[in-house]
Amino acid sequence: PDAADEKKYGIKVSPRENILKIKERCLDFINNFDSPGEKNLFFSGPTGVGKTFMASCIARELLNKGKTVLYQTAPVLFTTINEYKYGFPGNEGFANDTAYRNIFEVELLIIDDLGIEPTSAARYAELLTILDTRHSNNLTRPCKTIIATNIGPKQLYDYYTERVMSRITGYFDRLIFAGEDIRILK
């Protein structure tokens, strides 16, 4: 929508103006991807406003530049970690060492739908490890992360604790998506 409606959308500008600013930030992310100072991206907003689409567009551009990209929904990501740590070779669904290592080493990791996975203390610890390891790796080579979620910062703080939110606040630029659910409009 072209009209600003802070009460409806939770932002001071129109959703169209907002998404154009987000697009510019994402283009900067792509163009400065190799810079250790380039922050990760944290997309938040309601369902159907383009978070996954934007992450996929960034992935495509970086793949075209020869970068490595891994897209995982949060539940699949944590399942991969659990299968690696607690699985046994020969079991169906056993995650191999490469699948696990890619979470920490791929140049761009996209974690979609963060916050829909079942809660557990182990998942908080795993997310903390992922964020810290990738941040450390990024100091010497590109190792960026995009997180997309439908939950806001307050809910994320309640869900993941202060330690995880501190990393997201420090390591990521937060981009708030707003508007109408495009799937419903279509």
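This is a short tour of one helix, one pocket and one cavity in a predicted model.

**Stop one: helix H2**

Begin by selecting residues 15-31, which form helix H2, a run of 17 residues. From its first C-alpha to its last, H2 reaches 24 Å, and this is close to the 24 Å expected at 1.5 Å a residue. Now colour Pro-15, Asn-18, Ile-22, Arg-25, Cys-26, Phe-29 and Ile-30 within the helix, since these residues of H2 are buried. Why do they fall on the same side of H2? They cover an arc of only 145 degrees around the axis, and therefore they share one side of the helix.

To see what that side meets, show the partners that the buried residues of H2 pack against. Among the helices these are H1 (6-9) and H3 (51-64), and among the strands they are E1 (40-44), E3 (108-112), E4 (144-149) and E5 (172-176).

**Stop two: Asn-18**

Stay in helix H2 and zoom in on Asn-18, which lies there. Is this residue buried or exposed? Asn-18 counts as buried because its relative accessibility is 11%, and the cut-off for that word is under 20%. If you leave out residues up to four places away in sequence, the ones that Asn-18 touches are Ile-11, Val-13, Ile-176, Phe-177 and Ala-178.

**Stop three: the largest pocket**

Next, move to the largest pocket, whose volume is about 600 Å³. A good way to find it is to select Ile-19, Gly-48, Val-49, Gly-50 and Ile-182, which are the closest to its centre of the 26 residues that line this pocket. The elements that give two or more residues to this lining are H2, H3 and helix H8 (182-185), and the largest share, six residues, comes from H2. If you colour the lining of the largest pocket by class, you will find twelve nonpolar, seven polar and seven charged residues.

**Stop four: the largest cavity**

Finish with the enclosed space: a search of the whole structure finds one cavity of 30 Å³ or more, and the largest cavity holds about 40 Å³ of space. Select Asn-40, Leu-131, Arg-134, His-135, Cys-143, Thr-145, Tyr-171 and Phe-172 to display the residues that line the largest cavity. Which helix gives the most to this lining? Helix H6 (residues 121-138) does, with three residues. By class, the lining of the largest cavity has four nonpolar, three polar and one charged residues.

Conventions:
Residues are numbered from 1 along each chain as its sequence is written. This is a predicted model: local features need pLDDT of at least 70, side-chain atom pairs count only at pLDDT 80 or more; totals for chains, interfaces and linings use all residues. Side-chain values use heavy atoms; hydrogens and water are left out. Helices (H or I, at least four residues) and strands (E, at least two) are DSSP runs, numbered from the N terminus. The expected span of a helix is 1.5 Å times one less than its number of residues. Buried means under 20% relative accessible area, exposed over 50%, partly exposed in between (1.4 Å probe, protein chains only). The arc is that of the directions from the helix axis to the C-beta atoms. Contact means heavy atoms within 4.5 Å. On a 1 Å grid over the protein atoms alone, a cavity is a set of points where a 1.4 Å probe fits but cannot get out, and a pocket is an open set with protein on both sides within 12 Å along at least five of seven lines; lining residues have an atom within 4 Å of a point. Grid points are joined across faces, edges and corners, and a volume is the space filled by probe spheres set on the points. Ala, Val, Leu, Ile, Met, Phe, Trp, Tyr, Cys and Pro count as nonpolar, Asp, Glu, Lys and Arg as charged, and the others, Gly among them, as polar.
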